Amino acid sequence: MDLPGPRWKKGKDGKDFAALAAANPMSTIVAELQAKLRDSEAVATLAVHTRDAILEVGKDQAKLLNCASFGRAVESAGAERQWFQLGPEEVFFLCHALKCVAVESENKARMGAPELWDLLASTSEQFPEMYRAYEHLRLKNWVVKSGLQYGAHFVAYRHHPALVHSEFAVIVVPEGKAFGTRCGRMQVWSELLCVLRASGSVAKTLLVLTISTKSSELGSLDCLEQMIVHERTITRWIPQQCREQQDKSCREVSSNEEQEHTSGGVVFSYWGVVLSFTVLSSLLVYKLKF
């Protein structure tokens, strides 16, 4: 069964959002944001009790953060400065994967990527697999947002959420002894059917990201490179739709066969007329001679 394509939103003035997204690819926006944040030496302050971070940026960086759909604007500090609230996966991605944001604690102590990983992993047991799934999709230029309202871990957008609806409801399923009791998700048919129903009712394809690792210690940043992500899309098999598609293909095959038979009959009739005309002409010439 073919997966549905992107559902682009429609602008009030009839603007073509698909063409706008094609002219401004997400990879270009993120690369420009990365360069701007590096040049400005951006620093995010981590709030330990919420695991979120507050990033103060200038007007240009704020525009790019909005275009790349990182975090959310929480307050403006005048015309030139603005604060953004970043989730734990977002701040670690900007710090570790893009290396464009430094992170400090509430007491202004700088934190490297290993220290930040240790802190986030210690405050949330699921952070290692959640971040690995987030990074996997973000590095493929998908915009990743929380999927809590859809009963999923994340939702994935082809471009900015203002331009297109999300295509995938993402469920993260860890596998292996290192993840302990967190490995029980999506192993019961009733749960799988419920998730499929929920994602299908909001026009999203269910994407299951299975995270496996050989490492036995997830509290260290070194385990990140050993995590392997397997992608699986799951769709409901609807007999009526499949039967209609099969009937349609059968009708097309029959129509093609009829056309071939008809064209063959026309060709045969044409040569039959020619042969008959030749025979009659020969007889007429024979009679004239005698």
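These legends accompany four close-up views of a predicted model.

**View 1. Confidence along the chain.** Before zooming in, it helps to know how far to trust each part of this predicted model. Averaged over the chain, pLDDT comes to 82, with 78% of the residues at 70 or more. Residues 262-268 fall below 50, and this stretch makes zero contacts beyond near neighbours in sequence. Residues 283-290 also stay under 50 in pLDDT, with zero contacts beyond four places in sequence.

**View 2. An open sheet of five strands.** Follow the strands across and you will read the order β7-β8-β9-β10-β11, with mixed pairing. At the edges sit β7 (143-146) and β11 (227-234), each of which pairs on one side only. Ignoring direction, neighbouring strands in this sheet are turned by 30° against each other on average.

**View 3. The pairing of β7 with β8.** Here we look at the edge strand β7 and its partner β8, residues 154-157. The two strands run antiparallel and are joined by four bridges. To find your bearings, start from K145, whose bridge partner in β8 is V155.

**View 4. The largest pocket and its lining.** This pocket holds about 560 Å³ of space. Its lining counts 22 residues, of which G87, P88, E89, S146 and F154 lie closest to the centre. Which elements each supply at least two residues of the lining? They are β4 (81-86), α4 (88-97), α6 (127-138) and β7, so-called edge strand of the sheet in View 2. Sorted by class, the lining has nine nonpolar, seven polar and six charged residues.

Technical notes:
Residues are numbered from 1 along each chain as its sequence is written. This is a predicted model: local features need pLDDT of at least 70, side-chain atom pairs count only at pLDDT 80 or more; totals for chains, interfaces and linings use all residues. Side-chain values use heavy atoms; hydrogens and water are left out. pLDDT is the predictor's confidence in each residue, from 0 to 100. Contact means heavy atoms within 4.5 Å. Two strands pair if DSSP finds at least two bridges between them. Axes are lines fitted to C-alpha atoms, for helices over the stretch in contact, and angles run from 0 to 180 degrees between N-to-C directions. On a 1 Å grid over the protein atoms alone, a cavity is a set of points where a 1.4 Å probe fits but cannot get out, and a pocket is an open set with protein on both sides within 12 Å along at least five of seven lines; lining residues have an atom within 4 Å of a point. Grid points are joined across faces, edges and corners, and a volume is the space filled by probe spheres set on the points. Ala, Val, Leu, Ile, Met, Phe, Trp, Tyr, Cys and Pro count as nonpolar, Asp, Glu, Lys and Arg as charged, and the others, Gly among them, as polar.
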